[in-house]
Amino acid sequence: MKFGTKAIHAGVAPDPSTGAIMTPIYQTSTYVQSSPGKHKGFEYARTQNPTRLALENNLAALENGKHGRCFGSGMAAIDAILKLLKPGDEVISTNDLYGGTYRIFTKVFQNYGIKFHFVPMNDASKIKEKINAQTKLFWVETPTNPMMSIVDIQQVVDLAKNTEAMVVVDNTFATPYLQNPLDLGADIVVHSITKYLGGHSDTVMGSTVVKDDALDEKLAFIQNSCGAVPGPQDCFLVLRGIKTLHVRMQRHCENGRKVAEYLKGHSKVAQVYWPGLKDLPGYEIASQQMRDFGGMLSFVLKGDSIEEAFKVLENFKLFALAESLGGVESLAGHPASMTHASIPKEERMKAGLTDSLIRLSVGIEEAEDLIADLEQAIG
Ligand SMILES: *Cc1c(COP(=O)(O)O)cnc(C)c1O
């Protein structure tokens, strides 16, 4: 089945009791048993819920995986993956990554005796330097947030083959519409569903998707034991959102290209980071592992002044200044003071995240209107 058909049909079927075409919101905490242990596959709603199950199966299909697991947020999904580790284990991660992920690594799991190494993952030699017998996870984000650097997933998978470590890819930015890490040999895909999958800025949720049965059993155990599960209303909203994922992504990519090209030609813009720009170092890999380049981009103003960047952000009329990304409406953000404020300045600067960097989540409005807004805001 092709992607757009899967987005609409995978995992969902008309409700057997009524024929309702939309998956019902099973707003229940428990399920009746006819005799102790005799039931229809559902016992208690932390463990299973039919609305959540439909979504989990849909996500598994979109990522060409076998098992999806939904969590109360992207961070809760990341938390669940880290709970696969033990004290003494080590993680090798991209240095340019989501601020909340950096925070849970360094401020939460480091306290439990897990060690994290942050390296520029587009340089294989830097990854190799940190590999040892304790390496248990490779943590990949690509495109990275907010620098849009590209990590060669296949290359990390190849490096992991000589170790006992699993490869996790945070596929939030690309979505399964643009890239499928499991097809390249990654073990776990993690999503902040809050972003493109939900797509309408109305839900916070996360997920894991894997192929391996034993690995899914471990994640299911953590999902049920730790209990960070989403409610059925939110699962319904996400199932609804995903039905247009392919259509939205197509427009996000088209608008991303138009905005990136416009900014590239702007006399006040020093640098544009969008994976589809040929002069960026990750372009070749991005063209191989992604089907298109998405709607996320960042740019820096000439002179690199934080005051000028703040003026642009305050001037926007259509782009909303807000955290988050991936919704139908365009958003602008200032990573250094917003999403990435929890990363120390010296770590940020190593990744090229300067104080004046502006990140855009290009929505699916008319590109002409978005460009007109940039024109008046930058001046
Ligand atoms: C937002 C985000 C997360 C965290 O997800 P939440 O749903 O906000 O908990 C993780 N990774 C990336 C790349 C994100 O953009």
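Which residues does L82 touch, not counting residues up to four places away in sequence? The list is I104, F105, F109, I114, F116 and L137, where touching, or contact, means heavy atoms within 4.5 Å.

Before going on, a word on the model. It is a predicted one, so local features need pLDDT of at least 70 and side-chain atom pairs count only at pLDDT 80 or more, while totals for chains, interfaces and linings use all residues. Residues are numbered from 1 along each chain as its sequence is written, and side-chain values use heavy atoms, with hydrogens and water left out.

**Around L82**

L82 sits in helix α3, which covers residues 74–82. Helices here are DSSP runs of H or I with at least four residues, strands are runs of E with at least two, and both are numbered from the N terminus. L82 has a relative accessible area of 0%, so it counts as buried. The cut-offs are under 20% for buried, over 50% for exposed, and partly exposed in between, using a 1.4 Å probe and protein chains only. For a sense of distance, the C-alpha atoms of L82 and G294 are 28 Å apart, with their positions 212 residues apart along the chain.

**The sheet**

One of the contacts of L82 is L137, and L137 of β4 stands opposite V91. That brings us to an open, mixed sheet of 7 strands, in the order β1-β7-β6-β5-β4-β2-β3. Two strands are called paired if DSSP finds at least two bridges between them. At the edges are β1 (67–71) and β3 (115–119); each has a single partner strand, so one side of each has no neighbour in the sheet. From one strand to the next, the twist averages 20 degrees.

At the β1 edge, β1 pairs with β7 (residues 206–210) in the antiparallel sense, over 5 bridges. F71 is placed opposite G206 of β7. Helix α2 (residues 50–62) packs on the sheet there, touching β1 and β7, and its direction makes about 125 degrees with that of β1. Axes are lines fitted to C-alpha atoms, for helices over the stretch in contact, and angles run from 0 to 180 degrees between N-to-C directions.

Now to β4, where 6 of the 7 residues are buried. Strand β2 (residues 90–94) pairs with β4 in the parallel sense over 4 bridges. β4 and β5 also run parallel, joined by 5 bridges, and V140 has V169 in β5 as its bridge partner. Helix α6 (residues 153–160) lies across β4 (135–141) and β5 (166–170), at about 160 degrees to β5.

**Salt bridges**

The structure has 12 salt bridges, each being a side-chain nitrogen of Lys or Arg within 4 Å of a carboxyl oxygen of Asp or Glu. Three of them are tabulated here.

| Pair | N to O distance |
|---|---|
| K83 and D79 | 2.6 Å |
| D355 and K345 | 3.1 Å |
| D355 and R348 | 3.1 Å |

In the pair with D79, K83 is partly exposed at 35% relative accessible area, whereas D79 is buried at 19%. D355 lies in the loop between α13 (345–350) and β12 (358–361) and K345 in helix α13, so their salt bridge ties together parts 10 residues apart in sequence. D355 is partly exposed, at 22%, and K345 is too, at 45%. R348, by contrast, is buried at 8%. Through shared partners, K345, R348 and D355 join into one salt-bridge network.

**Cores and domains**

The chain is divided into domain 1 (3–242) and domain 2 (245–378), with bounds from an automatic or database domain assignment. Their C-alpha centres lie 25 Å apart, and 40 residues of domain 1 are in contact with 41 of domain 2.

A nonpolar core is a set of buried Ala, Val, Leu, Ile, Met, Phe, Trp, Tyr and Cys residues joined through side-chain atoms within 4.5 Å. The largest has 65 residues, and L55, L263, L297, F299, F316, L360 and L374 touch the most other members. Helix α10 (residues 245–264) gives the most to this core, 7 residues, and each of the two domains supplies at least three. Leaving aside neighbours within four places in sequence, L263 contacts V269, V272, L297, F299, L360, L374 and I378. There is also a second, separate core of 26 residues, with A80, V168, L215 and L219 among them.
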